[in-house]
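Please open the structure in the viewer and display it as a cartoon. The tour below proposes a series of selections and describes what is found at each.

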Amino acid sequence: MTVRAGEPFDLARTAAEVAALLTAPLPAAGPAVAEGDPDTGEWRATTGEGFRAVPLWESDDDGDDPDEAEEAAEARLDALVAELDTRWGPHHRVAVHVALLLKEEGTPVPALFDALLAEDCYGDLAAWGPLPGPGDRWVGVSVGRSDGDAPLVMAAVVSDRPIIAPPPPAWL
């Protein structure tokens, strides 16, 4: 669960929050640290060496058909990606499932991907970068869930390093 539970999706607000990540402070070093709401413990952000990840939206757990809920979430993500494409040009896809496969077999994954997986952000990223501004920054957005009973979470990540998938395992 995230601090976004119960909030309606608003494209303008969400796009503005993603753009604001371009100026977010990013730690130069240190382990990934997840921040929870002080009262509920719900995920608010994760920061780590050169990156910050935040939830943007969380689906309601109102008993909707899981397939319909996923289609609606994907439509919201598609709208956000289209808006960001108009600002920053075409995005590229970054497969998060490769990091999940590596982690499941015990292979270390980059800290950014480890942080996303720790918050059940399993959806592949639409990513842009390097983007203009103070220092090169890369931004990615995704939507997904850990299983059919969990809410869908749309998340964003900003990094001072390229957002690229780790190499797939040899058996893949």
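In this predicted model, begin by selecting α4, residues 111–118, which is part of what covers the buried residues of α3. Next, add α3 itself, residues 97–104, and show the side chains of V98, A99 and L102, which are buried. These three lie on the same side of α3 because the arc they cover around the axis is only 95°. Continue just past the end of α3 to G106, where phi is positive, at about 90°.

Now select the strands. Seven of them form an open sheet in the order β1-β2-β3-β7-β6-β5-β4, and the pairing is antiparallel. At the edges stand β1 (33–36) and β4 (92–94); each has a single partner strand, so one side of each lacks a neighbour in the sheet. Viewed from strand to strand, the twist averages 25°.

Stay with the edge strand β1 and add β2, residues 43–48: the two run antiparallel and are joined by 4 bridges. Within this pair, select G36 and look across to W43 of β2, which stands opposite.

Return to α4 and display the sheet with it. This helix packs on the sheet, where it touches β2, β3, β4, β5 (125–131) and β7. The direction of α4 makes about 30° with that of β3.

Finally, select α1, residues 11–20. Which strands does α1 lie across? They are β3 (51–58), β6 (137–144) and β7 (153–159), and α1 runs at about 175° to β3.

Note on methods: Residues are numbered from 1 along each chain as its sequence is written. This is a predicted model: local features need pLDDT of at least 70, side-chain atom pairs count only at pLDDT 80 or more; totals for chains, interfaces and linings use all residues. Side-chain values use heavy atoms; hydrogens and water are left out. Buried means under 20% relative accessible area, exposed over 50%, partly exposed in between (1.4 Å probe, protein chains only). The arc is that of the directions from the helix axis to the C-beta atoms. Contact means heavy atoms within 4.5 Å. Two strands pair if DSSP finds at least two bridges between them. Axes are lines fitted to C-alpha atoms, for helices over the stretch in contact, and angles run from 0 to 180 degrees between N-to-C directions.
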